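Work through these short exercises on charged pairs and backbone angles. Try each task before you read its solution.

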Amino acid sequence: MSWKAGQMEASWSLRLHREGGADLRESFYMLIRGVTPLVESTLRVTHPGRGTLTCPIVRTSDPVDPEQAPDSIRMPWLDIDFDVTSYQGCWHGETISHRGVSTISNTGDLDSWPAVEWSGAGASVTAPGIGEVALPDTGGRTAVLETDPAFASRVTVDGVDAPDLWRGMRGRLFPAPVDAHSTAKWTFDGCVGRLTSRHSHMWRW
């Protein structure tokens, strides 16, 4: 079985500074254009000893109205507040690639499934709970299979659904994830498996 996390919501209180010759007005509008209500942006947190976590977010308060005009020349900083939401409900760690017989390590505190990338014919993946699964001939295209059963063996090419390749999976589902804080044996023959750890909270990382 897969799982679905609830969305995460947060309120941001930010102070933009006029430092190093940066234009305060332009910094404000870059932020507003970068974090929008319609297109997901990526919030990135980096720890020197642990790596990077990312979280897709959208702005859920619109418009953002600062107390002072960002065009004011005399202002050394600008305080703004707005709300953001992550519909995926978790943080994503770094993606690790695997080939051949692999021991996959999940460093997150949530279960994860690898995504499988391949091109052409003759590729297969062997996983716990299902055994060896032959991957359909892509006809020269590079395809990506989501093994998380929540996606029902979705196959995409260049980010677009490929129904012919999905039908070639014949309804095969991968029931066993790489459990949180554990390892699992998978085999990627003629393909590449990529696992992204998932974390429920950035402070428990």
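**Exercise 1.** Decide whether Arg 141 is buried, partly exposed or exposed.

Solution. Start with the cut-offs: buried means under 20% relative accessible area, exposed means over 50%, and partly exposed lies in between (1.4 Å probe, protein chains only). Arg 141 has a relative accessible area of 32%, so Arg 141 is partly exposed.

Before going on, note the ground rules. This is a predicted model, where local features need pLDDT of at least 70, side-chain atom pairs count only at pLDDT 80 or more, and totals for chains, interfaces and linings use all residues. Residues are numbered from 1 along each chain as its sequence is written, and side-chain values use heavy atoms, with hydrogens and water left out.

**Exercise 2.** Find which residue forms a salt bridge with Arg 141, and place both partners.

Solution. Step one is the rule: a salt bridge is a side-chain nitrogen of Lys or Arg within 4 Å of a carboxyl oxygen of Asp or Glu. Side chains of opposite charge can pair when their charged atoms come close. Step two is the partner: Asp 164, with the closest N and O atoms 2.7 Å apart. Step three is the place. Asp 164 sits in helix H2 (residues 163-168), while Arg 141 is in the loop between strand E8 (131-134) and strand E9 (142-146). Helices (H or I, at least four residues) and strands (E, at least two) are DSSP runs, numbered from the N terminus. The pair links distant parts of the chain, 23 residues apart. Step four is exposure: Asp 164 has 37% relative accessibility, so Asp 164 is partly exposed.

**Exercise 3.** Describe the salt bridge between Asp 148 and Arg 198. Are the two residues buried or exposed?

Solution. The N to O distance is 3.8 Å. Asp 148 lies in the loop between E9 and strand E10 (155-157), and Arg 198 in strand E12 (residues 182-199), so the pair ties together parts 50 residues apart in sequence. Both Asp 148 and Arg 198 are buried.

**Exercise 4.** State how many salt bridges the rule gives, and give the distance for Arg 33 and Glu 26.

Solution. The count is 6 salt bridges. Arg 33 and Glu 26 meet at 2.9 Å, N to O. Glu 26 is partly exposed because its relative accessibility is 32%.

**Exercise 5.** Give the phi of Ala 152 and of Ser 153, then their exposure.

Solution. Ala 152 is not a glycine, yet its phi is positive, about 55°. Ser 153 is not a glycine either, and its phi is about 60°. Ala 152 is in the loop between E9 and E10, and so is Ser 153. Ala 152 has 35% relative accessibility, so Ala 152 is partly exposed. Ser 153 has 4%, so Ser 153 is buried.
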